[in-house]
Amino acid sequence: MKTVTKLKRYDMYINGEWTSPTDGEYFPSHNPATGEAWCEVAKGSAVDVDNAVQAAHAAFLSPEWRKMTPTQRGHLVSKLGELIAENVETLAKFETLDNGKLIREMRGQLQYLPEFYHYYGGLANKIQGNVLPIDKPDMLVYSVREPLGVIAAITPWNSPLYLTTLKLAPALITGNTIVIKPSEMTSASILEFVKLVEKAGFPAGVVNVVTGFGMPVGDALTSHPLVRRIAFTGGEVSARKVVENSAKNFASLSLELGGKSPNIVFEDANLDNAAMGIIAGIFSASGQSCVAGSRAFIHKNVYDKVMEKLVHRVEQIKIGDPLQEETEMGPLATEAQLQRVEQYVDWGLKEGGKLICGGKRPENIENGWYFEPTIFEHADNTSKITREEIFGPILSVIPFEDEDEVIQLANSTEYGLATGIWTQDIGRAHRVSAEIRAGIVWINTYRSVSPIVPIGGSGLTGYGRESGMEVVHEYTQTKSVWVNTSDKIIEDPFKWV
Ligand code: TXE
């Protein structure tokens with residue numbers, strides 16, 4: 001008889017308490033490398049969401065949080081960074097178990113994550129208002145930047161802790177409180193991480209986590225009347241619902257929905273680096289990255305050479321268990337995502353794309369949601385596979401003849417997130433960068449991120465920016481304070497001042 005092992009069970013974190021779901025239900029979370037359930041997570045409801053938002057709202061109003069100085073908040077956020085640094089290995093393992101990404105990628109992300117907390121921790125006491133050069137006599141006018149209130153953070157499965165951090169750190173240093181709703185596929189690492197939030201010493205209710213599905217949890221959270229800002233990373237379909245919900249509570253919004261980012265290789269580029277950059281751009285994380293460089297435009301004079309380098313390296317990619325150090329490509333995060341990738345391969349072939357390599361599940365791996373790194377060659381940029389975000393390991397390669405043509409091709413997408421430009425010509429690098437419609441341009445590099453640098457895009461990618469200094473404005477609002485410094489008696493109440 002098969003023994004049934006009891007799965008690890010996660011409750012929600014509301015008002016500083018581990019809280020079981022009001023409906024008493026839990027759902028399984030699967031390991032993409034095996035396809036098997038490895039833990040279960042509380043299935044939240046609208047009632048749980050309300051409890052979490054009310055707790056966050058009460059914490060926002062509490063003297064304990066309100067009266068804390070920015071310096072003290074900064075110290076708490078930096079402390080959280082230190083605790084992450086001490087727990088990299090454990091957190092990385094939970095992320096890999098849930099989303100199937102390589103342990104070495106998750107470890108690398110987590111080793112770097114404390115930098116975000118230190119950056120924002122240090123920024124906490126540098127957010128200043130202004131004394132305004134007012135055009136009226138006997139007046140002192142100054143502005144202060146104040147927190148908004150309860151922030152709703154909705155995150156996807158591809159990089160749970162990194163994408164949560166982009167929202168959490170700026171929200172906390174500015175004095176907001178937060179309710180996080182992780183993806184239903186990858187809640188475990190966030191729930192493990194929240195233990196560190198508790199340990200860092202944040203007051204109860206400042207950080208809350210509700211788990212469950214988009215409907216009803218994400219929906220109830222983004223339409224809640226006490227939510228003042230929604231920071232959303234995910235797909236277009238859910239994003240449209242979130243935007244509709246924001247019409248109910250007038251919460252401000254940032255949306256990061258991915259892209260169809262190009263890597264452009266000019267004939268004067270260092271071709272070895274360009275090939276490596278293209279591979280890193282699309283096959284890292286099995287293509288499940290918002291900035292995945294899923295289109296490569298290669299100048300016709302170097303097209304064959306670059307293709308040869310690309311195919312040669314791609315055919316050596318080691319696919320397998322993401323927990324093994326030598327693995328280079330792990331599985332896709334869900335079975336649905338795997339089927340979606342297969343569907344795009346079918347469309348690619350039907351629409352006249354030439355399959356150069358990959359295009360199927362690896363034959364030597366029995367279980368798990370694996371797919372081979374796949375390269376398609378196309379004559380132009382018009383097919384579905386070259387226009388839509390796939391979120392899988394499929395690269396579309398298209399040749400081009402000149403700069404104007406490639407700028408037009410690169411911009412002929414509804415997204416506007418990232419672009420890679422590979423050239424040794426400094427003038428061309430900046431000229432092309434200026435013409436590209438994207439929130440991030442990488443020249444002779446790809447996929448670099450830093451807490452100091454804003455991320456975001458336009459069009460179908462969404463709007464708003466995360467990371468960098470300017471994001472603190474998105475988590476604060478200006479209060480203008482007018483002070484009459486004169487001791488004159490006000491004689492005419494109807495006189496315009
Ligand atoms: O995203 P969803 P999915 C893209 C990528 C992918 C597609 C779908 O192309 O194939 O989106 O991915 C929550 N109200 N990206 O299905 O469903 C949901 O519970 C509020 C790009 O995973 O949008 C989860 O927490 N929230 C992207 C989060 O939204 C709702 C990363 C994202 O899930 C909701 C992920 C609702 N009505 C996918 N419905 C990137 N930018 O990197 C769902 N959610």
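In this predicted model, a nonpolar patch on the surface is formed by Val131, Leu140 and Tyr142, which together have about 260 Å² of accessible area. Tyr142 belongs to strand 7, which covers residues 139-147. The relative accessible area of Tyr142 is 31%, so this residue counts as partly exposed.

The surface also carries a negative patch, made up of Glu401, Asp402, Asp404 and Glu435. One of these residues, Glu401, sits in the loop that runs between strand 17 (394-400) and helix 14 (403-411). Glu401 is exposed because its relative accessibility is 51%, and a residue counts as exposed when the value is over 50%.

**Salt bridges**

The count of salt bridges in the model comes to 24. Three of them are described here, with the distance between the closest N and O atoms given for each.

| Salt bridge | N to O distance |
|---|---|
| Glu105 and Lys101 | 3.7 Å |
| Lys354 and Glu377 | 3.8 Å |
| Glu403 and Arg428 | 3.0 Å |

The salt bridge between Lys354 and Glu377 links distant parts of the chain, 23 residues apart. Lys354 is in strand 15 (residues 354-357), and Glu377 is in strand 16 (residues 374-377).

Glu403 and Arg428 also meet through their side chains in a salt bridge. Glu403 lies in helix 14 and Arg428 in helix 15 (residues 426-435), so this pair ties together parts that are 25 residues apart in sequence. Glu403 is buried, with a relative accessible area of 15%, and Arg428 is buried as well, at 16%. Both residues belong to a network of salt bridges that also includes Asp268 and Arg431.

In the pair formed by Glu105 and Lys101, Glu105 has a relative accessible area of 16% and is buried. Lys101 is buried too, with a relative accessibility of 3%. The reasoning rests on the cut-off for burial, which is under 20% relative accessible area.

**Cysteines**

How many disulfides does the structure hold? The number is 0. Among the cysteines, Cys290 is buried, with a relative accessible area of 16%. Cys357 is likewise buried, and its relative accessible area is 9%.

**Backbone features**

A cis peptide bond is present between Met215 and Pro216, with omega at about 10°. Pro216 is part of helix 8, which spans residues 214-222.

Asn15 has a positive phi, near 55°, although this residue is not glycine. Asn15 is placed in the loop between strand 2 (12-14) and strand 3 (17-19). With a relative accessibility of 38%, Asn15 counts as partly exposed.

Ala285 is another residue other than glycine whose phi is positive, in this case about 60°. The loop that holds Ala285 connects helix 10 (271-283) and strand 14 (295-299). Is Ala285 buried or exposed? Ala285 is buried, because its relative accessible area is 7%.

Note on methods
Residues are numbered from 1 along each chain as its sequence is written. This is a predicted model: local features need pLDDT of at least 70, side-chain atom pairs count only at pLDDT 80 or more; totals for chains, interfaces and linings use all residues. Side-chain values use heavy atoms; hydrogens and water are left out. Patches are made of residues with over 30% relative accessible area and no salt bridge: like charges are joined within 9 Å, nonpolar side chains (Val, Leu, Ile, Met, Phe, Trp, Tyr) within 5 Å. Accessible areas come from the Shrake-Rupley method with a 1.4 Å probe; for residues, only the protein chains shown count as cover. A salt bridge is a side-chain nitrogen of Lys or Arg within 4 Å of a carboxyl oxygen of Asp or Glu. Lys and Arg count as positive and Asp and Glu as negative; His and the chain ends are not counted. The place of a charge is taken as NZ of Lys, CZ of Arg, CG of Asp or CD of Glu. Helices (H or I, at least four residues) and strands (E, at least two) are DSSP runs, numbered from the N terminus. Buried means under 20% relative accessible area, exposed over 50%, partly exposed in between (1.4 Å probe, protein chains only). A disulfide is a pair of cysteine sulfur atoms within 2.5 Å.
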